[in-house]
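I opened my notebook to look at one chain, and I wanted to note, step by step, what I looked up and what I found.

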Amino acid sequence: MSVTYNFCAGPAMLPTEVMEKAQKELLNWNGLGVSVMEVSHRSKEFIALTEQAEADLRQLMNIPSNYHVLFMHGGGRGQFSAVVNNFLGNDGRALYLVDGSWSSAAVEEARKLAGENCIDVVEIVNKDNELVTVELPDFNAINTDYRYVHYCPNETVDGIEIFDSIDCPWPVIADMSSNIMSQEIDVSRFGLIYAGAQKNIGPSGLSIVIVRDDMLQLPSLPQSSIMDYRLAVKHGSMYNTPPTFAWYLAAEVFAWLKQQGGVKQIAAQNEIKAEKLYQYIDSSEFYLTKVSAKYRSKMNVTFYLADESLNDRFLAEAKANNLVALKGHRSVGGMRASIYNAMPLSGVEALIQFMQQFEAQNS
Ligand code: PMP
């Protein structure tokens, strides 16, 4: 069977080695004669798995000791509400920076829970020019005391990524659902980082939260216990039964990433993959991007065919060539190639080759 390259934005492809290992040990994990899905989350074997997963993640991301690592339910959106409920109390205000669909969805949820007046919003994308750019506000000119500033450094739908760090007087909360572990970052610059798992971590449903200890002193709202960070810390992310199979796969992905040489190494690989694809798109008049070079996502490459009437044919022929899930999100149209950590360079090369061929046949 020839290889299929899956460019889905999420749930996204997982490393083949991880999937093969999971398949091999599906019915008999750790010599226990049963599946990892069937053992108690409190068994010593499973606890050992969680300890290793946390240690690996800490090493991969160089997480300082004053940060907790939580494995929670509810994916990315679960965290949209968790940050509000955990940090705003009855009188807190927060600032949300909006650069695309997901940061905008986070605002909607925050306003629903905290009320319109407690959530200030700054649109940071500039779409006036031909190509989208990002403009961060002058934080020093803002006089409000915020509990936190929330932003999304990689907008999965729009293909916009912010590489500059956010320098402001308030704790920064980042939704890194689609770019966690894709590049080296300084965790100490953040009050909290969260990520839904289904791109660079594992299967959907799980989310990873990395939270600085002092954040847990902020007043919280009455809330569902399973999304309470303090309870999650107290119970080692096992206040209730956690998504154990997703946790197991996440642990395997962390181990795989360490084998690849860690985040530094995968970041170099990601750089090459994105560069090649954007370079080809830029060199062609048949394809175009709408994001200026500095803010182009290295994970979600959004692009358009100059002649959009060819979209369906492009997708059908890509599929026939085993290049799947290239359709852009319905809200923005066009194409999107999601090239997360698990996508090998050969996948990007196969895509470029197909795009060249399609261009030659249709220009
Ligand atoms: N934030 C970002 C940046 C995302 O890409 C997504 C999902 N694609 C979400 C949040 C929502 O995640 P979930 O579907 O797991 O709730």
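**Entry 1: the sheet.** I kept in mind that this is a predicted model, and I began with a sheet of 3 strands, which is open and has the order 13-14-16, with antiparallel pairing. I then looked at the edges, where I found strand 13 (287-288) and strand 16 (335-338); each has a single partner strand, so one side of each is left without a neighbour in the sheet. How many bridges join strand 13 and strand 14? I noted 2 bridges between strand 13 and strand 14 (residues 300-305), and their sense is antiparallel. For Tyr287 I looked up the bridge partner in strand 14 and wrote down Leu305.

**Entry 2: a helix across the sheet.** I next asked myself which helix lies across these strands. I found helix 7 (residues 262-283), which lies across strand 13, strand 14 and strand 16, and which runs at about 15° to strand 14.

**Entry 3: the two domains.** I looked up how the chain is divided, and I recorded domain 1 (17-259) and domain 2 (262-362). Taken over C-alpha atoms, the centres of domain 1 and domain 2 are separated by 27 Å. I also looked up the contacts, and I noted that 28 residues of domain 1 are in contact with 25 residues of domain 2.

**Entry 4: empty space inside.** I reminded myself that empty space left between atoms can be shown by rolling a probe the size of a water molecule over them. In this structure I counted 2 cavities of 30 Å³ or more.

The largest cavity has a volume of about 90 Å³. Among the residues that line the largest cavity I listed Phe71, Met72, His73, Tyr239 and Asn240. I sorted the lining of the largest cavity by residue type and obtained 8 nonpolar, 4 polar and no charged residues.

The second largest cavity holds about 60 Å³ of space, and its lining includes Met13, Lys199, Trp256, Leu257, Tyr340 and Asn341. Here the residues of the lining divide into 9 nonpolar, 2 polar and 1 charged.

**Entry 5: back to the domains.** From which domains does the lining of the second largest cavity draw at least three residues? I went back to the division of the chain and found that both domain 1 (17-259) and domain 2 (262-362) each give at least three residues to the lining of the second largest cavity.

How values were computed:
Residues are numbered from 1 along each chain as its sequence is written. This is a predicted model: local features need pLDDT of at least 70, side-chain atom pairs count only at pLDDT 80 or more; totals for chains, interfaces and linings use all residues. Side-chain values use heavy atoms; hydrogens and water are left out. Two strands pair if DSSP finds at least two bridges between them. Helices (H or I, at least four residues) and strands (E, at least two) are DSSP runs, numbered from the N terminus. Contact means heavy atoms within 4.5 Å. Axes are lines fitted to C-alpha atoms, for helices over the stretch in contact, and angles run from 0 to 180 degrees between N-to-C directions. On a 1 Å grid over the protein atoms alone, a cavity is a set of points where a 1.4 Å probe fits but cannot get out, and a pocket is an open set with protein on both sides within 12 Å along at least five of seven lines; lining residues have an atom within 4 Å of a point. Grid points are joined across faces, edges and corners, and a volume is the space filled by probe spheres set on the points. Ala, Val, Leu, Ile, Met, Phe, Trp, Tyr, Cys and Pro count as nonpolar, Asp, Glu, Lys and Arg as charged, and the others, Gly among them, as polar. Domain bounds come from an automatic or database domain assignment.
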